[in-house]
Amino acid sequence: MARAAACALALFLTACGSSPAATEEPHEVGPEELAGLLASPTGIALVDVAGRAGREEYGVIPGARVVDDDLASTLPEDKTTPVVFYCVSGWCSSARRAARLALAWGHRDVGWLSVGIRGWRAAGHPTSAP
């Protein structure tokens, strides 16, 4: 069942939603920048699209919203709230695809953790159990 949900999410991120305009691209966020954003009093919405297996192996970044099936319901209602997505590693394209969808849906400040949770942990930042 978990594998089916992960596959459904992957298909959703690949096939659903309209494509954002060519000029609308999410910005890359590094681990130190993300740590600063998370510590900021204004806050951000951090969204984990790693999937169940990735979360079981690497944990989650504390405070992250976890997407299992419905990306749209995971996003903040206020489309001016900064949103950062992450997956397992820089090789995983789910975070960048999800960020592009958020832009297409009208979110204005959207980024993706280019090194994923593996890079986050390698930089010495905390994770928690899923």
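In the predicted model, isoleucine 61 touches Leu34, Leu38, Leu46, Tyr86, Leu113, Ile117, Trp120 and Pro126, when residues up to four places away in sequence are not counted. Isoleucine 61 is found in the loop that joins helix H3 (52-58) to strand S3 (65-66). This loop residue is buried, its relative accessible area being 0%. Of the residues touched by isoleucine 61, tryptophan 120 is 59 residues away in sequence, yet the C-alpha atoms of the two are 8.4 Å apart in space.

The strands of the model form an open sheet of five, with parallel pairing and the order S1-S5-S4-S2-S3. Strand S1 (27-29) and S3 are the edge strands, and each of them pairs on one side only. Between S4 and S5 the parallel pairing extends over three bridges. Valine 84 stands opposite glycine 111, a residue of S5.

Two helices were examined with respect to this sheet. Helix H2 (residues 31-39) lies across S1, S2, S4 and S5, and its direction is at about 90 degrees to S1. Helix H5 lies across S4 and S5 and runs at about 175 degrees to S5. Within H5 (residues 94-104), the buried residues are Ser94, Ala95, Ala98, Ala99, Leu101, Ala102 and Leu103. In an α-helix there are 3.6 residues a turn, so residues three or four places apart point the same way. Just after H5, a positive phi of about 105 degrees is found at glycine 106.

The largest nonpolar core contains 17 residues, of which Val47, Val49, Leu71, Leu75 and Phe85 touch the most other members. Two or more residues are given to this core by each of S2, strand S4 (83-86), H5 and strand S5 (110-113). The largest share, six residues, comes from H5. Another core lies apart from this one and has 15 residues, including Leu34, Ala50, Val84 and Ile117. Leu34 and Ile117 are also among the residues touched by isoleucine 61.

Strand S2 (residues 45-48) includes a charged residue, aspartate 48. Aspartate 48 is buried, with a relative accessible area of 0%. Two polar partners of its side chain were identified. A polar atom of the aspartate 48 side chain lies 2.7 Å from the backbone nitrogen of alanine 50, and the side chain of aspartate 48 also makes a polar contact of 2.8 Å with the side chain of tyrosine 86. With neighbours within four places in sequence left aside, the contacts of aspartate 48 are Arg55, Gly59, Val60, Ala64, Arg65, Val66, Val67 and Tyr86. Tyr86 is thus in contact with aspartate 48 and is touched by isoleucine 61 as well.

A search of the whole structure finds one disulfide. A disulfide is a covalent bond between the sulfur atoms of two cysteines. The residues linked are cysteine 87 and cysteine 92, whose sulfur atoms are 2.1 Å apart. The link between cysteine 87 and cysteine 92 is right-handed, with 65 degrees about the S-S bond. Cysteine 87 has a relative accessible area of 3% and is therefore buried, the cut-off being under 20%.

Methods. Residues are numbered from 1 along each chain as its sequence is written. This is a predicted model: local features need pLDDT of at least 70, side-chain atom pairs count only at pLDDT 80 or more; totals for chains, interfaces and linings use all residues. Side-chain values use heavy atoms; hydrogens and water are left out. Helices (H or I, at least four residues) and strands (E, at least two) are DSSP runs, numbered from the N terminus. Buried means under 20% relative accessible area, exposed over 50%, partly exposed in between (1.4 Å probe, protein chains only). A polar contact is a pair of N or O atoms within 3.5 Å; within protein, one must be able to donate a hydrogen and the other to accept it, and residues adjacent in sequence count only if both atoms are side-chain atoms. Contact means heavy atoms within 4.5 Å. A nonpolar core is a set of buried Ala, Val, Leu, Ile, Met, Phe, Trp, Tyr and Cys residues joined through side-chain atoms within 4.5 Å. Two strands pair if DSSP finds at least two bridges between them. Axes are lines fitted to C-alpha atoms, for helices over the stretch in contact, and angles run from 0 to 180 degrees between N-to-C directions. A disulfide is a pair of cysteine sulfur atoms within 2.5 Å.
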